[in-house]
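Biologist: Please take a close look at the salt bridges of this model and at the parts of the chain that they join. I should like one connected account, with the cut-offs stated.

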Amino acid sequence: MKTKLLFLFAWLMSVTTSCSADEPRSELPDTPSEERPKEPVEPSGNKKVLVVYFSHTGNTRTIAGYIHKTVKSDLVEIKTVDTYTDDYDALLAQVRKEVADEYCPPLSTTVENISSYDMVFIGYPIWVETAAPPIRSFLTTHDLAGKTVVPFCTSGTSSAEASYRLVRSLCSKSTVLEGIQIRRGTYDTAFERVIAWLQKLGIVKQNNDKGDEK
């Protein structure tokens with residue numbers, strides 16, 4: 001009996017981490033006030049930048065905010081026509097089916113001037129080991145051909161690789177840069193890692209003063 005209970009507990013834990021509908025908002029604090037940039041910096045090459053994201057409970061929204069505060073950009077939240085439930089079991093069942101069916105939930109968000117952007121950051125939580133379904137909806141209804149696409153995501157313990165493959169497959173005519181994944185338990189260093197990631201990609205110059213980098 002004890003062995004069966006341990007097996008059941010391990011199975012439940014694996015199911016919990018596989019969906020990861022963002023982590024609770026309270027676990028990912030906003031940018032520390034002393035580290036907030038005075039103003040966003042112009043991206044290298046003076047490119048026009050869009051930060052677009054889907055967030056169920058707030059963590060992906062916060063990471064999008066870090067990027068927006070660092071790089072001069074427009075910020076847009078992807079919203080679905082039908083709101084996803086907060087009931088975990090119901091959400092997990094729904095998302096599993098949507099991912100399996102490659103379903104594109106209808107969006108209430110449309111970026112009419114998408115052609116005016118040179119670079120698009122695309123953010124999402126990892127759900128059932130890939131990008132949340134609204135990302136498929138957005139990428140199939142907005143033409144990003146010829147643009148630079150930069151993925152970023154939040155998750156529990158699941159890998160982001162399947163989500164990156166999905167973004168690359170739906171943006172086959174775009175240049176897709178290396179993404180960043182913010183996992184549960186690493187949120188205290190999220191802001192610093194976002195800055196380092198943007199520097200590594202060459203979007204933010206590394207030789208700026210500390211205040212300018214942020």
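Modeller: The account below begins with the chain as a whole and then turns to the salt bridges, a helix pair and one strand residue.

This is a predicted model, in which local features need pLDDT of at least 70 and side-chain atom pairs count only at pLDDT 80 or more, while totals for chains, interfaces and linings use all residues. Residues are numbered from 1 along each chain as its sequence is written, and side-chain values use heavy atoms, with hydrogens and water left out.

The protein chain comprises 7 helices and 7 strands; helices (H or I, at least four residues) and strands (E, at least two) are DSSP runs, numbered from the N terminus. In sequence order the pattern is α-β-α-β-α-β-β-α-β-α-β-β-α-α. Of its 214 residues, 48% count as buried, where buried means under 20% relative accessible area, exposed over 50%, and partly exposed in between (1.4 Å probe, protein chains only). With contact defined as heavy atoms within 4.5 Å, 81% of the contacts between residues at least 6 apart in sequence join residues at least 24 apart.

A search of the whole structure yields 4 salt bridges, a salt bridge being a side-chain nitrogen of Lys or Arg within 4 Å of a carboxyl oxygen of Asp or Glu. One of them pairs Glu77 with Arg61 at 2.8 Å, N to O. Because Glu77 belongs to strand β2 (residues 74-77) and Arg61 to helix α2 (residues 59-70), this pair ties together parts 16 residues apart in sequence. Arg61 is partly exposed, at 33% relative accessibility.

Another salt bridge joins Arg136 and Glu102, whose closest N and O atoms are 4.0 Å apart. Arg136 sits in helix α4 (residues 133-141) and Glu102 in the loop between α3 (88-101) and β3 (119-127), so parts 34 residues apart in sequence are tied together. Arg136 is buried, with a relative accessible area of 17%, whereas Glu102 is exposed, at 52%.

Glu178 and Lys200 also form a salt bridge, with 3.4 Å between the closest N and O atoms. This pair links distant parts of the chain, 22 residues apart: Glu178 is in the loop between β6 (175-176) and β7 (180-183), and Lys200 is in helix α6 (residues 190-200). Glu178 is partly exposed at 43% relative accessibility, and Lys200 is exposed, with a relative accessible area of 58%.

Helix α6 also meets helix α2. Their axes come within 10 Å and cross at roughly 50°; axes are lines fitted to C-alpha atoms, for helices over the stretch in contact, and angles run from 0 to 180 degrees between N-to-C directions. The two helices are therefore oblique to each other, since angles under 35 degrees count as roughly parallel, over 145 as roughly antiparallel, 65 to 115 as roughly perpendicular and the rest as oblique. From α2, Ile63, Tyr66, Ile67 and Thr70 meet Ala190, Phe191, Val194, Ile195, Trp197 and Leu198 of α6.

Finally, Thr148 lies in strand β5 (residues 148-155) and is buried, with a relative accessible area of 12%. Thr148 and Met119 are 29 residues apart in sequence and 4.6 Å apart in space, C-alpha to C-alpha. Leaving aside neighbours within four places in sequence, Thr148 has contacts with Lys47, Asp118, Met119, Val120, Thr175 and Leu177.
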